[in-house]
Amino acid sequence: MGQPNRHRRWPEDLESFSHRVLTTLLFTDVVDSTGRVCELGDRTWAEVLRTHHARFRDRLGRFSGREIDAAGDGFLATFGIASHAVAFACAFHEKVADLGLEVRTGVHTGECELDDGRLRGVAVHVTARLASLARPGEVLVSSTVRDVVSGSGLRFADRGLHELRGVPGMRRLFAARWGESDAFTRSGRHGPRAAAGVRHRRQPVTLVETADAG
């Protein structure tokens, strides 16, 4: 008797999932923006920020990304292909170096609720936490992204297990490789940043080839 009722509920159950989308999210944040404002002054900083925004938006379309939100000196964007998101982040970091800016970026792939053109859900919060934890000049990605881009040729450094505030369990994070050198951040003088809401276990950095991920 219970089985037919369960089947009759399926249309309603499926409807509850109709606004969920699978996407790769990218969060960016300019390092020490307050200090830069004090150093440059309001007018010069506004010009630098306009250039930063223009370069972000110009390159975003080239990597098939879509801007979702912009607040202050940071962006939230989405990509249909995870490797495009990582490649964009690495390219963008280099693109603003001449402005004297360093950027932290978090990249994660997951399902989100699509609500009137805005994305909500755990995946959005995870991506924001990754950006807050990234070192200056670093693209920090989740293990989900590392697995999804397997075979793309991208390389990553293992940043160990981390606990993100409000997100259950420990998550293994990886820093995306910039290029052919062994450097994973533009500036080696910066140590790990103690981000609010994040606790992590430090361990030796291990280079991971996507071709070997499985």
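I began at strand β5, where L119 is the bridge partner of L114 in β4; helices (H or I, at least four residues) and strands (E, at least two) are taken as DSSP runs, numbered from the N terminus. β4 and strand β5 (residues 118-120) pair in the antiparallel sense over three bridges, pairing being called when DSSP finds at least two bridges between two strands. I noted that the two strands form a hairpin with two residues between them, and that D116 in the turn has a positive phi of about 55°.

Before going on I wrote down the conventions: residues are numbered from 1 along each chain as its sequence is written, and side-chain values use heavy atoms, with hydrogens and water left out. This is a predicted model, in which local features need pLDDT of at least 70 and side-chain atom pairs count only at pLDDT 80 or more, while totals for chains, interfaces and linings use all residues.

I then followed β4 to its other partners. Strand β1 (residues 20-30) pairs with β4 in the antiparallel sense over 11 bridges, and I found V30 bridged to V103 of β4. Strand β4 (residues 103-115) also pairs with β6, here in the parallel sense and over three bridges, with T105 having V139 of β6 as its bridge partner.

T105 led me to H93, since a polar contact of 2.6 Å joins their side chains; such a contact is a pair of N or O atoms within 3.5 Å, where within protein one must be able to donate a hydrogen and the other to accept it, and residues adjacent in sequence count only if both atoms are side-chain atoms. H93 lies in helix α4 (residues 82-95) and counts as buried because its relative accessibility is 0%, the classes being buried under 20% relative accessible area, exposed over 50% and partly exposed in between (1.4 Å probe, protein chains only).

Next I looked at both faces of β6. In a regular strand the side chains alternate between the two faces of the sheet. In strand β6 (residues 139-142) V139 and V141 lie on one side and L140 and S142 on the other, and all are buried. β6 runs antiparallel to β8, to which three bridges join it, and S142 has L173 in β8 as its bridge partner.

Past the end of β8 (170-176) I checked R177, which sits in the loop leading to β9 (198-200) and counts as buried because its relative accessibility is 6%.

I turned last to charged pairs. The structure holds 10 salt bridges, each a side-chain nitrogen of Lys or Arg within 4 Å of a carboxyl oxygen of Asp or Glu. R20 and E111 meet in one of them at 2.9 Å, N to O, and this pair links distant parts of the chain, with R20 in strand β1 and E111 in strand β4, 91 residues apart. I also recorded that R20, E111 and E113 are linked in a network of salt bridges. R20 counts as partly exposed because its relative accessibility is 30%.

R172 forms a further salt bridge with D158, their closest N and O atoms being 3.0 Å apart. R172 lies in strand β8 and D158 in strand β7 (residues 155-164), so the pair ties together parts that are 14 residues apart in sequence. I found R172 partly exposed at 28% relative accessibility, whereas D158 is buried, with a relative accessible area of 10%.
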